[in-house]
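Me: Please take a close look at one helix and what its buried side packs against, and then follow the thread to other parts of the chain. I am in my first year, so a careful and connected explanation would help me most.

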Amino acid sequence: MHYTPSDRRAPDLTGERKRMDNQVVVIGGGHAGAEAAMASARLGVPTLLLSMDVDKICHISCNPAIGGLAKGQLAREIDALGGLMGLAADANTLNFKMLNSAKGPAVQSPRAQIDRWGYQRWMRTRLENEPNLAIRQDQAIGVVTEKGRVAGVRAFLSGVMPCRAAVVCSGTFARAKLHLGRREWPGGRAGEPPASSLSESLLELGIPLFRLRTGTCPRLDARTLDFSRMRREDGDPEPRTFSFLAARREGRQIPCHATWTNEDTFRVVQENLDQAPVLTGAVAGIGPRYCPNFETKVARFPEKKRHHLFIEPEGRHSTETYLNGLYLSLPPDIQEKAIHTVPGLEKAGVIRYGYAVEYDAVRPTELRDTLETKRIPGLFTAGQINGTSGYEEAAAQGLVAGANAALQILERPPFRLGRDQAYIGVLIDDLTVRGTEEPYRMFTSRAEYRLLLRQDNADLRLGRLGFESGLIGRERLDRVEALEREIAIGGRLLAEIRLPGGESLEQNLRHPEISWDDVSRHSPALAALSPRAAEQLSIGAKYAGYVARHLRQIRQLDKNRRLRLPPGIDYAAISGLSREAAEKLSRFRPENLDQAMRISGVSPADAALLMLRLG
């Protein structure tokens with residue numbers, strides 16, 4: 001599907017308003033687009049999801065897994081706010097693990113290998129059955145504005161589709177280019193065209209873009225692998241679920257396997273670095289720091305020859321497996337040579353080669369914390385176009401952007417999440433305040449309040465916020481409130497019941513060696529509490545001191561957040577403000593003092609001057 005400049009004539013929207021069927025148009029059917037479309041439609045706003053290929057809605061482009069360190073927290077928060085990712089993953093799980101299960105609850109994260117075709121079918125079916133949502137196969141080639149705000153989306157086949165808000169979720173497709181060895185060709189994913197005209201439209205609207213890159217690993221035929229030479233990685237014996245609505249997980253799990261690179265692998269790659277486009281300068285975009293190409297590892301860390309690789313199933317009814325950890329952009333014959341040096345992969349048959357993709361991204365500091373662009377009212381962006389990597393980061397942004405597009409049309413308050421409320425809040429704040437120069441990935445270390453923002457309590461943290469915004473219904477909130485009442489009853493019992501020495505059960509539970517079973521045997525009422533309530537009470541007791549400190553920090557954060565910065569403030573005119581602070585404040589235009597204080601280059605002294613200016 002191609003578009004020529006002659007198609008870009010000025011739209012005539014006269015008379016179109018009366019027949020406007022879709023008030024929100026979501027561009028792109030990836031994880032961000034699916035969650036954006038669902039959030040908008042769930043709020044009662046007629047929504048159109050525009051995808052270049054409806055058979056690829058929520059396609060798993062890279063690793064067939066949901067969750068992981070910090071990403072699992074995002075997936076559970078998406079579920080708590082009515083999103084689909086958790087339910088879809090639960091319905092298609094092949095192998096589940098709770099990562100860091102031996103560590104504290106703040107860093108534990110759920111992760112599941114999923115059937116990527118099953119996940120895709122599940123998501124499309126759910127989207128097709130949403131009453132306020134329509135799906136259309138077409139290519140968006142531009143955003144139409146009128147009087148400075150969004151008035152429609154122009155598509156290659158459909159022409160101009162009037163709307164009041166648009167959410168751009170173009171993933172890696174914006175002016176995208178694929179690289180494999182010395183070969184390069186236009187494409188956002190292997191076998192799929194780029195969305196080049198969309199980039200041109202954004203640039204014409206004054207939206208600054210920059211280049212990023214990512215990559216994917218080879219896929220192998222499981223029938224050609226020698227699993228006896230690898231370490232078997234089974235899932236948890238009692239697998240949990242992502243969704244708070246899901247029942248106990250059923251179904252046979254499929255094992256993953258681990259193996260390692262060696263000196264021979266290193267040698268094959270090192271001898272052919274001149275054919276790696278990610279190193280030769282053929283790729284202009286900046287790659288991910290924490291998930292680099294294997295060629296980059298070889299070039300940067302020549303002393304390290306042994307790297308973990310994981311063989312992960314792609315589907316319950318497929319022999320295709322994902323070679324996680326061996327991100328390659330070398331020519332096909334060199335990829336095969338490197339793969340065949342790995343224990344267990346000596347005779348591996350390659351189904352798909354790895355490759356690199358570079359694409360356009362929006363400077364995320366150009367966005368408000370609602371993910372609306374500062375320059376064009378009604379234009380929202382979400383997902384990899386905002387500089388992130390990962391399905392979970394994309395889906396989280398999509399949910400927020402789609403919800404805010406709909407809420408703006410409904411003339412209701414925007415949906416915002418702070419750093420103290422959710423990992424989603426940390427993600428959006430990091431992007432919109434600090435920006436990024438490379439694909440952003442979420443880590444638990446990015447969340448200063450991670451002890452409060454655990455994966456196990458996402459519904460308790462976000463249920464009421466989701467209900468007030470219309471993202472979840474009364475029935476779901478009732479479940480959250482029932483759990484809250486159960487926890488409150490258990491808390492009173494722990495405080496009231498005393499042991500012979502005078503210590504309360506709550507004080508006794510604080511000791512590291514004391515378990516919930518130890519205290520609950522003193523009270524039939526405690527023993528009758530649900531596992532979820534018991535879990536929350538146990539964590540609450542053992543981390544009470546840390547939680548109290550976090551809450552004090554949050555109260556101070558709330559004070560700073562309430563100090564709003566006027567949008568037209570002249571920072572250059574504030575006497576005593578450092579030149580760097582004035583320049584960055586003028587560029588980023590933070591909405592409140594809290595955001596201003598987190599901008600690199602704004603010192604505590606600069607923040608004090610701002611407080612004086614605000615009185």
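Reply: In this predicted model, the buried residues of helix α5 pack against a set of strands, namely β1 (24-27), β7 (140-146), β10 (165-168), β13 (209-216), β20 (355-362) and β21 (379-381). Helix α5 itself covers residues 196-204, and its buried residues are Ser197, Leu198, Ser199, Ser201 and Leu202. Just after α5 comes glycine 206, which takes a positive phi of about 90 degrees.

Two of the strands that α5 packs against, β20 and β21, are joined by a loop that holds arginine 363. With a relative accessible area of 25%, arginine 363 is above the 20% limit for burial but below the 50% limit for exposure, and therefore counts as partly exposed. Setting aside residues up to four places away in sequence, arginine 363 touches Pro208, Phe210, Thr436 and Glu437. The C-alpha atoms of arginine 363 and alanine 528 are separated by 52 Å, while along the chain the two residues are 165 places apart.

A contrast in distance is given by alanine 36, a residue of helix α1 (residues 31-42). Alanine 36 and alanine 396 are 360 residues apart in sequence, yet their C-alpha atoms are 8.8 Å apart in space. Alanine 36 has a relative accessibility of 0%, so it counts as buried. Once its neighbours within four places in sequence are left aside, alanine 36 is in contact with Val26, Val167, Cys169, Gly398, Leu399 and Gly402.

One of those contacts is a cysteine, which leads to the question of how many disulfides a search of the whole structure finds. That search finds zero. Cysteine 58, for example, is in no disulfide, and the nearest cysteine sulfur, that of cysteine 169, is 11 Å away. Because a disulfide needs two cysteine sulfur atoms within 2.5 Å, a distance of 11 Å rules out that pairing for cysteine 58. Cysteine 163 is likewise in no disulfide, and its nearest cysteine sulfur, again that of cysteine 169, is 13 Å away. Cysteine 58 counts as buried at 0% relative accessibility, and cysteine 163 counts as buried at 1%.

Another helix with a buried side is α6 (residues 263-270), whose buried residues are Thr265, Phe266, Val268 and Val269. Because these residues cover an arc of only 165 degrees around the axis, they lie on the same side of α6. What covers the buried residues of α6 includes α8 (294-300) and α9 (332-339).

The approach to helix α2 (residues 71-80) holds a detail of the backbone. Alanine 70 lies in the loop between β3 (65-67) and α2, and its phi is near 70 degrees, a positive value in a residue other than glycine. Such a value deserves attention, because most residues other than glycine have a negative phi. At 0% relative accessibility, alanine 70 counts as buried. Within α2 sits glutamine 73, which is buried too, with a relative accessible area of 0%. Apart from neighbours within four places in sequence, the contacts of glutamine 73 include Gly68, Ala106, Tyr423, Thr444 and Leu453.

Helix α2 also meets another helix, since the axes of α2 and α12 (residues 458-469) come within 8 Å and cross at roughly 40 degrees, and this crossing is right-handed. On the α2 side, Arg76, Glu77 and Ala80 take part, and they meet Ala458, Asp459, Arg461 and Leu462 in α12. Sorted by class, this contact has three nonpolar, no polar and four charged residues.

Finally, the loop between α19 (579-588) and α20 holds arginine 589, which has a positive phi of about 50 degrees although it is not a glycine. Arginine 589 counts as partly exposed at 31% relative accessibility. In helix α20 (residues 593-597) lies glutamine 595, which is buried, with a relative accessible area of 8%. Not counting residues up to four places away in sequence, glutamine 595 touches Asp369, Asp429, Val433 and Pro590.

How values were computed. Residues numbered from 1 in each chain as written. Predicted model: local features only at pLDDT ≥ 70, side-chain atom pairs only at ≥ 80, totals over all residues. Heavy atoms only, no water. Axes fitted to C-alpha atoms, helices over the stretch in contact; angles between N-to-C directions. Helix = DSSP H or I, 4+ residues; strand = E, 2+ residues; numbered from the N terminus. Left-handed = near helix turned anticlockwise from the far one by under 90°. Contact = heavy atoms within 4.5 Å. Nonpolar A, V, L, I, M, F, W, Y, C, P; charged D, E, K, R; others polar. Buried < 20%, exposed > 50% of the residue type's maximum accessible area, 1.4 Å probe, protein only. Arc of directions from axis to C-beta.
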